[in-house]
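Reader: I have a structure open and no idea how to read it. Can we go through it together?
Author: Yes, here is the chain.

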Amino acid sequence: ILPQLHHLGIYRLLLEGGTTVLSDAIDSGMVDQLMVIHSPILIGGNSPFSVYSGLGTTQLSNAPALSHVTYHRAGRDMITNGYLNDPLTLLRSTTHS
């Protein structure tokens, strides 16, 4: 469906979900930009919680890192926004299609 959306001029898509949805999307290469909202509350239970459970890495030096990172406050929450791919390359690919 992503190629059809691109053909229609839709270049951004909000994907909201849990660990499995996020991990599958990142591992498939379809995620260019990541926005994470941190709330100052603790939730949980008896099982560990992880935001990303995808392919993973055994060394931090090999872990995917965000670039062009910005931080914003929204009330008590903190919003971290960054890119897994170079945003200028992404812009060129959407304007030359």
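Reader: What pLDDT does the protein chain average?
Author: This is a predicted model, and the chain averages a pLDDT of 79. Of the residues, 73% score at least 70.

Reader: Which element has the lowest mean pLDDT, and which the highest?
Author: Helix 3, residues 87-95, has the lowest, at 60. Strand 2, residues 67-74, has the highest, at 95.

Reader: OK, the sheet. What order do the strands have?
Author: The order is 1-3-2, in an open sheet of 3 strands with antiparallel pairing. Strand 1 (33-38) and strand 2 are the edges: each has a single partner strand, so one side of each is left without a neighbour in the sheet. Neighbouring strands are turned by 15° against each other on average, ignoring direction.

Reader: How many bridges join strand 2 to strand 3?
Author: There are 6, and the two strands run antiparallel. Arg73 stands opposite Met78 of strand 3.

Reader: New topic: Asn81. Is that residue buried or exposed?
Author: Buried, because its relative accessibility is 10% and the cut-off for buried is under 20%. Asn81 is in strand 3, residues 77-83.

Reader: Which side chain does Asn81 have a polar contact with?
Author: The side chain of Gln33, at 2.9 Å. Beyond its neighbours up to four places away in sequence, Asn81 touches several residues, including Leu34, Met35 and His68.

Reader: And which residues make up the largest nonpolar core?
Author: Leu22, Ala25, Ile26, Val31 and Leu34, 5 residues in all. Helix 2 (residues 19-28) gives the most to this core, with 3 residues. Leu34 is also in contact with Asn81.

How values were computed. Residues are numbered from 1 along each chain as its sequence is written. This is a predicted model: local features need pLDDT of at least 70, side-chain atom pairs count only at pLDDT 80 or more; totals for chains, interfaces and linings use all residues. Side-chain values use heavy atoms; hydrogens and water are left out. A nonpolar core is a set of buried Ala, Val, Leu, Ile, Met, Phe, Trp, Tyr and Cys residues joined through side-chain atoms within 4.5 Å. Buried means under 20% relative accessible area, exposed over 50%, partly exposed in between (1.4 Å probe, protein chains only). Helices (H or I, at least four residues) and strands (E, at least two) are DSSP runs, numbered from the N terminus. Contact means heavy atoms within 4.5 Å. pLDDT is the predictor's confidence in each residue, from 0 to 100. A polar contact is a pair of N or O atoms within 3.5 Å; within protein, one must be able to donate a hydrogen and the other to accept it, and residues adjacent in sequence count only if both atoms are side-chain atoms. Two strands pair if DSSP finds at least two bridges between them. Axes are lines fitted to C-alpha atoms, for helices over the stretch in contact, and angles run from 0 to 180 degrees between N-to-C directions.
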